[in-house]
Amino acid sequence: MKITVWNEFRHEQSDVKVATLYPHGIHGAIAEPLRAIGHEVRTATLDEQEHGLTKEILAETDVLIWWGHQAHDIVEDRIVERVVERVLAGMGLIVLHSGHFSKVFKRLMGTSCDLKWREDGEMERLWVVDPSHPIVAGIESPIELKHEEMYGEFFDIPTPDEVVLISWFQGGEVFRSGITYRRGLGKIFYFRPGHETYPTYHDKTVQKILSNAVQWAAPADVPALKFGHSAPLERG
Ligand code: ZN
């Protein structure tokens, strides 16, 4: 499978703590275990030309993974449209953590995608609420992440097609942290954990969920679709 991992790659360049945690960038940490299981993975970042998401690159991407936070507004609208178009045409999309506020995700959801948050390093416990879902194949519930940022409900999203994981935080909040949507021919998975100052993407269970998600989001084999006026197949 051909995967593109997109990261805005800003925190790693301005925050020593993040750079130490992710010396090859968050994109590098996400890409590496996917490469290790045989996927063809490229990375793309905000400061590359066309944010590293040229038409050619997107055309040959089966699944795009998106991490963004402080620079959502800098992502060019024409690139956002390009990504959205590819999702509608069947490319899989996995949106991580603060990507809930990315232009791409908001555009595909049509709602504010706002939520509550608190950066206190609380424990996050993720409960599998759809045990037979392929995204949690082989995953033991609950998953515990010792330190994470809190995201709390209400999460202003359209009702998901599926809720696969629900998080509980030490402070008492809960959150729909693993959810799926279909838009056009594309499959979308939003996965909550992954604040930049915690080692979340080094966690083996998180890596396993991402590799399952990539598999789940793979484009279907769809013959060319026909729209518009259509002659009847039978006459009289
Ligand atoms: Zn965060």
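The legends below describe an overall view and close-up views of a predicted model.

**Figure 1. Overall view of the protein chain.** The predicted chain contains seven helices and nine strands. Its C-alpha atoms occupy a box of roughly 70 × 40 × 35 Å along the principal axes. The radius of gyration is 18 Å, which agrees with the value near 18 Å for a compact globule of 236 residues. Of the contacts with a separation of 6 or more, 70% join residues 24 or more positions apart.

**Figure 2. Surface and charges of the protein chain.** Buried residues account for 53% of the 236 residues. The accessible surface is about 11300 Å², and carbon and sulfur atoms contribute 52% of this area. The chain carries 25 positive and 35 negative charges, and the mean positions of these two groups lie 5 Å apart.

**Figure 3. Close-up of His133 in the loop between β5 and β6.** Strand β5 spans residues 116–128. His133 has a relative accessible area of 4%, under the 20% limit, and therefore counts as buried. A polar contact of 3.0 Å links the side chain of His133 to the side chain of Glu162. Beyond its neighbours within four places in sequence, His133 is in contact with Glu162, Val164, Thr180 and Trp216.

**Figure 4. Close-up of Pro160 in the loop between β6 and β7.** The flanking strands are β6 (143–152) and β7 (162–169). Pro160 is buried because its relative accessibility is 11%, and the limit is 20%. When residues up to four places away in sequence are set aside, Pro160 touches Arg176, Ile179, Thr180 and Tyr181. Thr180 also appears in Figure 3, as one of the residues in contact with His133.

**Figure 5. Close-up of Glu173 in the loop between β7 and β8.** Strand β8 covers residues 174–183. The side chain of Glu173 forms a polar contact with the side chain of Arg118, at 2.8 Å. Not counting residues up to four places away in sequence, Glu173 touches Arg118, Met150, Gly152, Ser167 and Trp168.

**Figure 6. Pro160 and Glu173 in one view.** The two residues are 13 residues apart in sequence, and their C-alpha atoms are 19 Å apart in space. Pro160 sits in the loop between β6 and β7, whereas Glu173 sits in the loop between β7 and β8. The contacts of Pro160 include Ile179 and Tyr181; those of Glu173 include Met150 and Trp168.

Key:
Residues numbered from 1 in each chain as written. Predicted model: local features only at pLDDT ≥ 70, side-chain atom pairs only at ≥ 80, totals over all residues. Heavy atoms only, no water. Helix = DSSP H or I, 4+ residues; strand = E, 2+ residues; numbered from the N terminus. Buried < 20%, exposed > 50% of the residue type's maximum accessible area, 1.4 Å probe, protein only. Contact = heavy atoms within 4.5 Å. Rg over C-alpha atoms; globule rule 2.2 N^0.38 Å. Areas by Shrake-Rupley, 256 points an atom, 1.4 Å probe, with all protein chains shown as cover. Lys, Arg positive; Asp, Glu negative; His and termini not counted. Charge placed at Lys NZ, Arg CZ, Asp CG, Glu CD. Polar contact = N/O pair within 3.5 Å; in protein donor to acceptor, adjacent residues only side chain to side chain.
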